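Me: Could you walk me through the packing and the charged pairs in this one?

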Amino acid sequence: TWKTAAKPGDIIFLRVVAANTGGHSLPSSVVGVAAGCGPAEALVVQGFTRMSASQLPRDDLAKWSLKSVQRLRQWKMNTYDYTAAHIAALAKAGVSADGVERDGFSDVDLSTYALLDWAAGEQSIDDGVWTAADRKLLAGWLNGGAGRALWATGSEIAWSVGSKGGKEAADWLATWFGASYAADDAKTYDATMTFAGQSTPITLCSGDDQCEVGQYDVDWPDVLKPNGATEIGSWGGAVGGAAAVQYNVGAAKTALFGFPLEAITSAAVMQQVVTATVKALGV
């Protein structure tokens with residue numbers, strides 16, 4: 001039982017391990033809280049539960065006259081703690097936050113939150129980003145009051161929802177984010193975020209040379225097509241296209257990034273992006 005009351009300004013992260021005579025379980029996903037002076041303003045959802053062979057990092061052993069090999073390195077695939085970076089960055093931007101695992105999202109009373117930050121990571125088709133029930137719940141929440149904002153970040157959202165999720169899912173994406181799927185792979189790790197006339201170059205983690213602890217190689221960052229939304233991020237390289245969009249829909253606002261927020265290599269740049277996005281969403 002958690003017995004220590006969080007004071008305004010405190011940031012606390014928790015995970016659970018089960019223990020019995022057989023030993024200890026693997027830990028749960030990390031969730032957290034950035035305490036404010038009242039109810040938290042944001043809910044951060046740990047929506048990245050995927051763990052599959054396609055995420056295995058590949059090592060090129062050509063200099064030893066060998067081929068490339070895939071190795072099971074979980075710390076480069078999914079450490080289930082990415083909401084920690086989101087919550088800490090939101091706190092620095094002046095936004096108090098709670099955290100929840102994806103499976104517990106539907107049990108949360110969303111009515112007190114102004115911002116939902118859905119960290120989808122590399123969540124894709126097999127594991128699903130949003131179920132039909134999730135989409136209905138999110139739509140109801142966005143319609144339920146002025147000043148609410150939904151921010152979704154991940155490299156497979158447009159691909160799995162807008163391209164492979166069926167017409168209803170694609171229409172939902174267009175309705176609430178003002179955007180659709182354009183391409184599965186931007187073929188670059190470099191993009192430029194633009195807010196209020198200010199440009200911020202970003203670089204995503206790519207392989208052993210750039211991926212620090214808590215980051216992972218973003219294999220196929222989504223390219224988005226704005227359909228009413230404002231492009232606030234653009235991909236460099238030959239493919240081009242939108243890396244991020246922001247949309248005003250009724251009394252609500254949304255933002256969709258075609259890459260995971262936590263994969264930005266520079267913590268300082270990630271903080272700039274978070275602070276600017278929070279401001280753009282009016283939180």
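Below is a short back-and-forth on the cores and the salt bridges.

Reply: Before we start, this is a predicted model: local features need pLDDT of at least 70, side-chain atom pairs count only at pLDDT 80 or more, and totals for chains, interfaces and linings use all residues. Residues are numbered from 1 along each chain as its sequence is written, and side-chain values use heavy atoms, with hydrogens and water left out.

Me: Which element gives the most to the largest nonpolar core?

Reply: A nonpolar core here is a set of buried Ala, Val, Leu, Ile, Met, Phe, Trp, Tyr and Cys residues joined through side-chain atoms within 4.5 Å, where buried means under 20% relative accessible area, exposed over 50% and partly exposed in between (1.4 Å probe, protein chains only). The largest one has 40 residues, and Leu90, Met193, Ile202, Phe257, Phe259 and Ile264 touch the most other members. Elements supplying at least two residues each include α1 (83–92), β12 (190–195), β17 (252–257) and α5 (267–280); helices (H or I, at least four residues) and strands (E, at least two) are DSSP runs, numbered from the N terminus. With six residues, the top contributor is α5.

Me: How many residues does the other core hold?

Reply: This other core lies apart from the largest one. Among its members are Phe105, Trp130, Ile157 and Ala252. Its count is 35 residues.

Me: Which residues of α1 are buried?

Reply: Leu90 was already on the list of residues touching the most other members of the largest core. Just after α1, Gly94 takes a positive phi of about 90°. The buried set in α1 itself is Thr83, Ala84, His86, Ile87, Ala89 and Leu90.

Me: How far apart in sequence are the parts that the Arg135 and Glu168 pair ties together?

Reply: A salt bridge is a side-chain nitrogen of Lys or Arg within 4 Å of a carboxyl oxygen of Asp or Glu, and Arg135 and Glu168 form one with their closest N and O atoms 2.5 Å apart. Arg135 is buried at 8% relative accessible area, while Glu168 is partly exposed at 46%. Arg135 sits in helix α2 (residues 132–143) and Glu168 in helix α4 (residues 167–177), so the parts they tie together are separated by 33 residues.

Me: What is the closest N and O distance for Asp171 and Lys167?

Reply: Both residues lie in helix α4, four residues apart, about one turn of the helix. Asp171 is partly exposed at 36%, and Lys167 is exposed at 65%. Their salt bridge has its closest N and O atoms at 2.6 Å.
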